[in-house]
Amino acid sequence: MSKIRAAITAVNGWVPDYVLTNQELEKMVDTNDEWIQSRTGIKERRILKGENKGSSDIAIEAIKGLLDKRGIKPEEIEAVICATTTPDMVFPATANIISDKMGMKNAFGYDVSAACSGFLFSLVTGSKFIESGQYKKVLVVGVDKMSAIIDYSDRATCIIFGDGGGAVLLEPDESGNGIIDSILKSDGSGRHYLHQKAGGSLKPASIETINAREHFVFQEGQTVFKFAVVNMAEVSAEVMERNNLKGEDIAWLVPHQANKRIIDATAKRMGIGSEKVMMNIDRYGNTTNGTLPLCLWDYEKKLHKGDNVMLAAFGGGFTWGAVYLKWAYDPS
Ligand code: UT7
């Protein structure tokens, strides 16, 4: 019997309508379009406006389109894994909220917290449910409403992040396509360089934490940058080596969209030309857990059955990893 692999059989993304441009940020903080573009590659990002809207509202828009594309009903989904750093609430899990809003009555669900690597970690976790043979339809969601935890008076972070997300459906494949290999890594000693200081059990919300602006993202950018460049490239190269892959064998690199300079360095280390690197950071900024599914969604029409695809991410924690898969369907 051939091995059961977990294949992505559908992908969809969604971003809010509101476009926050570099020019608008110039009016909010001491920055400029030239600096932002040259240091990050970002031109604009999307923001979810309006009251009572959370990450789940982004996710359900993406999932509605995904189920339509695949022609299946919400009841057919058996599990929902939601990677998010900005859950609707501390608890219950946003996956449960999404399932309820979507009518995915037969699905169990939970959230994964691994910052920018969350989607990658969730993809691997979800693939194990499929490989075990116990589940046939697992939804993996990567979504963030980063604007909920960004300080728009801090120029070091507010220029980077945006809102958005996407989802993929994992189903069994016995034809050789699907997820083939992965390496996931964490190093908690890096937690000091990228985190939200308050709002957890260590430092619950209080008047003091609010006044000290501790419910926003804190990042020591340069340090994170250095670790990201080295680790994202190293882990991708390791997956390539142990699968005997050279740069020319890879059809697409799907890198986490944190900084164009990090992406370029990773591609160079892997021997992959820029024409084979998925990139949409210029339009969406860093959507944290949203970047990888948003890339797959944007480039879906260019992906072909059997394509060797390498996904790579680095994020807070620190967390990082790479996933090697063979794409399972042709553009419709
Ligand atoms: O997705 C999760 C993982 N996150 C990442 O991978 C992000 C990694 N880090 C980065 O992408 C970059 O470090 C940043 C984009 C955050 C910052 O770029 P940088 O090239 O590392 O800049 P820097 O922090 O070293 O700052 C350089 C200068 C400083 O001024 P001085 O001290 O040289 O006078 C900053 O104050 O740029 C200044 N600066 C700005 N200037 C204009 C910092 N932010 C801005 C800004 N506009 N928005």
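Modeller: A residue is near a molecule if one of its heavy atoms lies within 4 Å of it. The model discussed here is predicted.

Colleague: How many residues surround the ligand?

Modeller: The residues that lie closest to the ligand are Thr31, Arg155, Gln222, Asn259 and Asn286. They belong to a surrounding set whose total is 22 residues.

Colleague: Which residue has a polar side-chain atom 2.7 Å from a nitrogen atom of the ligand?

Modeller: Two other side chains may be set aside, as each has an N or O atom placed by an oxygen atom of the ligand: that of Arg155 at 2.9 Å, and that of Asn259 at 2.7 Å. For the nitrogen atom of the ligand, the residue is Thr31.

Colleague: Arg155 also takes part in a salt bridge; what is the sequence separation of the parts that this pair ties together?

Modeller: The partner of Arg155 is Asp30, and their closest N and O atoms are 3.7 Å apart. This falls under the salt-bridge cut-off, which is within 4 Å. Arg155 lies in helix H6 (residues 155-158), whereas Asp30 lies in the loop between helix H1 (22-28) and H2, so the parts tied together are separated in sequence by 125 residues.

Colleague: How far apart do the C-alpha centres of domain 1 and domain 2 lie?

Modeller: Domain 1 covers residues 5-176 of the protein chain, and domain 2 covers 180-326. The distance between their C-alpha centres is 14 Å.

Colleague: What area is buried between domain 1 and domain 2?

Modeller: The size of an interface is often given as the accessible area lost when the parts come together. Carbon and sulfur atoms give 63% of the area buried between these two domains. The full value is about 3700 Å².

Colleague: Which residue forms a salt bridge with Asp151?

Modeller: In the structure as a whole there are 13 salt bridges, and two are found across the interface of domain 1 and domain 2. In the pair that includes Asp151, the closest N and O atoms are 2.9 Å apart. The partner of Asp151 is Arg213.

Colleague: How many residue pairs are in polar contact across the interface, and how many charged residues are on the side of domain 1 that touches domain 2?

Modeller: Across the interface of domain 1 and domain 2, 19 residue pairs are in polar contact. Elements that each supply at least two residues to the domain 1 side include strand E1 (5-14), helix H5 (118-131) and strand E7 (163-173). The residues of that side divide into 22 nonpolar and 17 polar, while the charged residues number 11.

Terms used: Residues are numbered from 1 along each chain as its sequence is written. This is a predicted model: local features need pLDDT of at least 70, side-chain atom pairs count only at pLDDT 80 or more; totals for chains, interfaces and linings use all residues. Side-chain values use heavy atoms; hydrogens and water are left out. Domain bounds come from an automatic or database domain assignment. Buried area is the accessible area (1.4 Å probe) that two parts lose on being put together, summed over both. A salt bridge is a side-chain nitrogen of Lys or Arg within 4 Å of a carboxyl oxygen of Asp or Glu. A polar contact is a pair of N or O atoms within 3.5 Å; within protein, one must be able to donate a hydrogen and the other to accept it, and residues adjacent in sequence count only if both atoms are side-chain atoms. Helices (H or I, at least four residues) and strands (E, at least two) are DSSP runs, numbered from the N terminus. Ala, Val, Leu, Ile, Met, Phe, Trp, Tyr, Cys and Pro count as nonpolar, Asp, Glu, Lys and Arg as charged, and the others, Gly among them, as polar.
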